[in-house]
Amino acid sequence: MSAETASGPTEDQVEILEYNFNKVNKHPDATTLCLIAAEAGLTEEETEKWFKQRLAQWRQSEGLPSECRSVTD
């Protein structure tokens with residue numbers, strides 16, 4: 001693991017992740033997750049963890065429970 005990813009994704013990586021979260025899919029399947037990870041230069045595990053955390057933040061900001069899906073996500 002590089003020093004950059006040990007403390008979290010870089011600004012460029014976060015930009016790629018945020019774009020995919022907001023414009024493409026809040027719930028990427030395994031294949032999409034793999035492609036996003038490759039594009040961002042992260043592992044699939046790091047990418048999946050980021051998406052889970054970001055989804056929880058998004059749900060909290062929308063006033064939704066963190067564990068259930070909504071028709072708007």
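1. Start with helix 3 of this predicted model. Its buried residues are Leu33, Ile36, Ala37 and Ala40. Viewed along the axis of helix 3, they fall within an arc of 100°, so they line one face. An α-helix has 3.6 residues a turn, so residues three or four places apart point the same way.

2. What do the buried residues of helix 3 pack against? Their partners are helix 2 and helix 4. The face turned away from the buried side carries Thr31, Leu35, Ala38 and Glu39, which are exposed.

3. Check both ends of helix 3. At the start, a side-chain oxygen of Asp29 comes to within 3.2 Å of the backbone nitrogen of Thr31. Just after the helix, Gly41 has a positive phi of about 75°.

4. The largest nonpolar core has 10 residues, among them Leu33, Ile36 and Ala40. Helix 2 (11–24), helix 3 (30–40) and helix 4 (44–61) each give two or more residues to this core. Helix 4 gives the most, with four.

5. There are three aromatic pairs in the structure. One is Phe21 with Trp50, edge-to-face, at 6.3 Å centre to centre and 90° between the planes. This pair joins helix 2 to helix 4 across 29 residues. The rings of Trp50 and Phe51 are also edge-to-face, because their planes stand at 80°, with centres 5.3 Å apart. Ring pairs thus link Phe21, Trp50 and Phe51 into a cluster.

6. Burial of the cluster: Phe21 and Trp50 are both buried. Trp50 has 12% relative accessibility. For Phe51, also buried, the relative accessible area is 4%.

7. Look at Lys26 too. Lys26 lies over the face of Phe21, 5.0 Å from the ring centre. Lys26 also lies over the face of Trp58, at 5.1 Å.

Conventions
Residues are numbered from 1 along each chain as its sequence is written. This is a predicted model: local features need pLDDT of at least 70, side-chain atom pairs count only at pLDDT 80 or more; totals for chains, interfaces and linings use all residues. Side-chain values use heavy atoms; hydrogens and water are left out. A nonpolar core is a set of buried Ala, Val, Leu, Ile, Met, Phe, Trp, Tyr and Cys residues joined through side-chain atoms within 4.5 Å. Buried means under 20% relative accessible area, exposed over 50%, partly exposed in between (1.4 Å probe, protein chains only). The arc is that of the directions from the helix axis to the C-beta atoms. Contact means heavy atoms within 4.5 Å. A polar contact is a pair of N or O atoms within 3.5 Å; within protein, one must be able to donate a hydrogen and the other to accept it, and residues adjacent in sequence count only if both atoms are side-chain atoms. Rings of Phe, Tyr and Trp (its six-membered ring) pair if their centres lie within 6.5 Å; planes under 30 degrees apart count as stacked, over 60 as edge-to-face and the rest as tilted. A charge sits over a ring if NZ of Lys or CZ of Arg is within 6 Å of the ring centre and within 35 degrees of the ring normal.
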